[in-house]
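Got the viewer open? Load the model, switch to cartoon, and let's take a walk through the chain.

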Amino acid sequence: MKILVVNPNTSESMTATIAETARRAASPGTEILAVQPGYGAEAIDCAMESYLSAVAVMDRILTIGEPYDAVVLAGFGEHGREGVQEIVDVPVLDIAECSAHVAQLVGRSYSVVTTLQRSVGAIEDRLRLAGLADRCASVRSCGLSTLDVDRDPAAAMEAIVAEAERAVRFDHAEVICLGCGGMAGLDEAITARLGVPVVDGVAAGVRLAEAVVGLGLRTSKICTYAPPEPKTITAWPLSAHLAAEAR
């Protein structure tokens, strides 16, 4: 089995962190292909960057030159998952939804600890849209940007632990979800500090992708995620268009 794991930003170091976590979570015999877009923001902290990443991620997926069995989108609730489901036949999993599903299997309520405060609303909207908001005790910000988390994981862990502790104490969260792909790999250390289950979205995404593929399931194409109707789309895929212009 081969799982395509897509970092939605252009940070090579974050892609490496995500790939390491994905490979550690994968079952023996599962191959992880970790990629990132060729253009877009180096970190995603606002709606504009998220919408741009949606285009860049679809572009990158269309240019993958090898087969794969599932896609894991390693942005925590970023835009574009539905578009990817339309352009590929294999299962497509978003780590925000995967985290919430897993959290609800091991606790009655969960909280998400994410990066900046401006990301809180977007995550709340994604969970509500996915039907996963009822048992979400809170979405909390650790006050660090995605780049901050990538550049200084040790300091990030302290900030995340502090906010997670508040979620457990004040919001009565029984499970903590790490609300950023760049937080991949911090789950065990935070669990040891707080004594509650901590869900790493990348690891959850990989394991759930294995389960869905193992069940022989694929994305339904009967209606909502059917391929786009044939029509002219100017300069698409954008990366191929830019390469052709450069030549």
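The tour goes from the whole chain to one helix and its surroundings.

First, some ground rules: this is a predicted model, where local features need pLDDT of at least 70, side-chain atom pairs count only at pLDDT 80 or more, and totals for chains, interfaces and linings use all residues. Residues are numbered from 1 along each chain as its sequence is written, and side-chain values use heavy atoms, with hydrogens and water left out.

Select the whole chain. You have 10 helices and 8 strands to colour (DSSP runs, H or I of at least four residues for helices and E of at least two for strands, numbered from the N terminus). Along the principal axes, the C-alpha atoms fill a box of roughly 55 × 40 × 35 Å.

Now colour by burial: 52% of the 247 residues are buried (under 20% relative accessible area, 1.4 Å probe, protein chains only). Turn on contacts (heavy atoms within 4.5 Å): of those between residues at least 6 apart in sequence, 72% join residues at least 24 apart.

Next, select 153–170, which is helix α7. Its 18 residues reach 25 Å from first C-alpha to last, close to the 26 Å expected at 1.5 Å a residue (the expected span is 1.5 Å times one less than the number of residues). Show side chains for A156, M157, I160, V161, E163, A164 and A167: these are buried.

What covers them? Add β5 (110–114), β6 (136–141), α6 (146–151), β7 (175–178) and α8 (187–194), which are among the cover.

Last stop: H172, just after α7, where phi is positive at about 65°.

Notes
Buried means under 20% relative accessible area, exposed over 50%, partly exposed in between (1.4 Å probe, protein chains only).
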